[in-house]
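I opened a new notebook page for this structure. I wanted to know what surrounds the ligand and which backbone details deserve a note.

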Amino acid sequence: MLDKKILLCVTGGIAVYKAVALVSKLTQAGAHVKVMMTESAMKFVTPLSFQVMSRNDVYFDTFDEKDSTVISHIDLADWADLVIVAPATANVIGKLANGIADDMATTTLLATTAEVWIAPAMNVHMYENKAVIRNISTLHGDGYRFIEPSEGFLACGYVGKGRLEEPEKIVDLVREKFTQSKTLPLTGKKVIVTAGPTRERIDPVRYVSNFSSGKMGYAMAEAAAALGAETILISGPVELEKPSGVTVVNVESAAEMFEAVTNHFDSASIVIKSAAVADYRPKNIHDQKMKKQVGDAVIEMERTTDILKTIGKMKRHQLLVGFAAETQDAVDYGIGKLESKNLDFIVVNDVTDPDAGFGKDTNVVTLLSRRGMHQSFSAMPKKILAKVLLETILEEESEHLDDR
Ligand code: CTP
């Protein structure tokens with residue numbers, strides 16, 4: 001029995017009818033449900049349907065105080081164990097991302113300290129609109145959880161992403177939330193993350209390197225630690241603060257990074273290789289500063305060990321996640337690396353994208369898996385993207401995670 005108090009905020013879209021089914025299924029599961037509607041929601045379905053299904057009054061007017069001993073929107077905000085906005089329109093998402101409270105639903109949403117889940121439903125082009133993406137990304141960062149819309153035939157005639165998730169699935173998520181044990185998904189697991197560039201010395205004052213800032217790797221390490229993992233961050237030289245709850249191992253060259261990764265590899269459950277490892281290093285490191293000569297100079301280079309490929313051959317239970325920074329044909333190259341390095345997942349990004357790449361705070365990536373998943377993520381801050389990527393990977397691997 002789901003003996004919990006759920007406040008459902010229904011905003012205006014054709015999917016409102018599915019919210020009626022959601023209330024019905026939640027109450028059947030034993031939840032106490034109260035419903036709040038926006039004016040546009042009431043254009044699709046009347047409050048009476050929700051009143052019947054929830055066996056409770058339906059709220060829509062901030063100033064219609066049904067009980068003189070309380071202020072409704074604060075009382076409801078405090079009452080809820082969980083708030084679900086379903087269907088959530090682009091409008092309510094925009095208001096919430098900007099702290100606007102101009103009706104009963106948005107006022108209550110700002111007043112609640114309960115967890116808020118947002119289940120968007122809209123036209124596919126609206127869902128892909130840059131402002132909507134920006135607002136969703138802001139809300140992710142503010143701690144709101146999104147129930148992704150599914151793909152399919154939309155009421156507007158388009159086929160694509162934008163359908164409100166099925167009520168049964170939302171009820172399953174609610175059930176999962178309230179029956180979840182207190183342990184986090186990565187509690188008891190060791191995760192290795194590599195980050196930043198490597199430096200390959202030429203002589204005591206010079207080196208060969210690349211522009212990697214380490215931001216994506218540091219964000220991945222922070223996300224892994226937040227999910228309960230014992231996290232080892234093997235970092236090339238970067239100018240970033242150590243993320244909380246993470247053990248940092250500082251390295252300089254590809255060879256040092258290789259050694260650090262292999263030291264921790266046996267006991268690791270997951271290895272995330274975000275580092276931009278140099279593929280070549282000077283064949284000879286000069287003990288003394290090289291003096292300039294007349295004419296041009298040539299530095300002979302040799303290959304470094306491909307760390308990921310090597311551990312790909314060694315792997316037993318470990319889940320391997322690679323990264324690929326490309327400047328063309330990103331997905332095709334990504335698929336090639338996924339196979340040749342024996343990876344479970346690869347995160348591919350086209351570093352020529354203005355919102356992606358070295359040094360940026362945002363990234364645009366596609367996640368590919370050995371099992372054939374192919375999911376693109378729009379531009380979002382690296383810290384949020386890291387969390388979303390890790391959660392997506394864990395969800396994909398949920399059945400196999402215990403064996404890792
Ligand atoms: N990688 C590694 N060791 C190397 C080079 C790369 O472990 N010596 C890892 C990176 O950490 C990343 C993945 O391999 O997770 C892909 O790196 P990338 O530089 O994109 O690919 P390369 O294999 O170096 O291929 P290419 O340079 O031909 O694109």
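The entries below go from the pocket to the ligand and then to the backbone.

Entry 1, the model. I noted before anything else that this is a predicted model.

Entry 2, the pocket. I looked up the second largest pocket and found a volume of about 830 Å³. I then checked its lining, which has 37 residues; Ala275, Ala276, Val277, Phe323 and Ala325 are the closest to the pocket centre. I sorted the lining by class and got 14 nonpolar, 14 polar and nine charged residues.

Entry 3, where the lining comes from. Which helices and strands each supply at least two residues of this lining? I listed helices H10 (215-226), H12 (307-314) and H13 (330-340), together with strands E17 (319-326) and E18 (345-350). E17 gives the largest share of the pocket lining, with four residues.

Entry 4, the ligand. Where does the ligand sit? I found the ligand in the second largest pocket. H12 and E17 are the elements that give two or more residues to the shell around the ligand. In this shell, too, E17 has the largest share, four residues.

Entry 5, the shell. I counted 16 residues around the ligand, and the closest are Lys273, Ala275, Leu308, Lys337 and Lys341. By class, the shell holds eight nonpolar, three polar and five charged residues.

Entry 6, polar contacts of the ligand. I went through three residues in turn. For alanine 275, a backbone N or O atom lies 2.8 Å from an oxygen atom of the ligand. For phenylalanine 323, a polar backbone atom is 3.0 Å from an oxygen atom of the ligand. For threonine 304, the side chain takes part: one of its N or O atoms is 3.5 Å from a nitrogen atom of the ligand. I also looked up how much of the ligand is covered. On its own the ligand has 570 Å² of accessible area, and the protein covers 77% of that.

Entry 7, a cis peptide bond. Which two residues does a cis peptide bond join? I found that it joins alanine 86 and proline 87, with omega at about -10 degrees. I placed proline 87 in strand E4, which spans residues 82-88.

Entry 8, a positive phi. I checked aspartate 329 and read a phi near 45 degrees, a positive value in a residue other than glycine. Aspartate 329 is in the loop between E17 and H13. I had already met both elements in Entry 3, where E17 and H13 each supply at least two residues of the pocket lining.

How values were computed
Residues numbered from 1 in each chain as written. Predicted model: local features only at pLDDT ≥ 70, side-chain atom pairs only at ≥ 80, totals over all residues. Heavy atoms only, no water. 1 Å grid on protein atoms, 1.4 Å probe; cavity = no way out; pocket = protein on both sides within 12 Å on 5 of 7 lines; lining within 4 Å. Points joined across faces, edges and corners; volume = space filled by probe spheres on them. Nonpolar A, V, L, I, M, F, W, Y, C, P; charged D, E, K, R; others polar. Near = heavy atom within 4 Å. Polar contact = N/O pair within 3.5 Å; in protein donor to acceptor, adjacent residues only side chain to side chain. Areas by Shrake-Rupley, 256 points an atom, 1.4 Å probe, with all protein chains shown as cover. Sits in = over half its atoms within 2 Å of the grid points.
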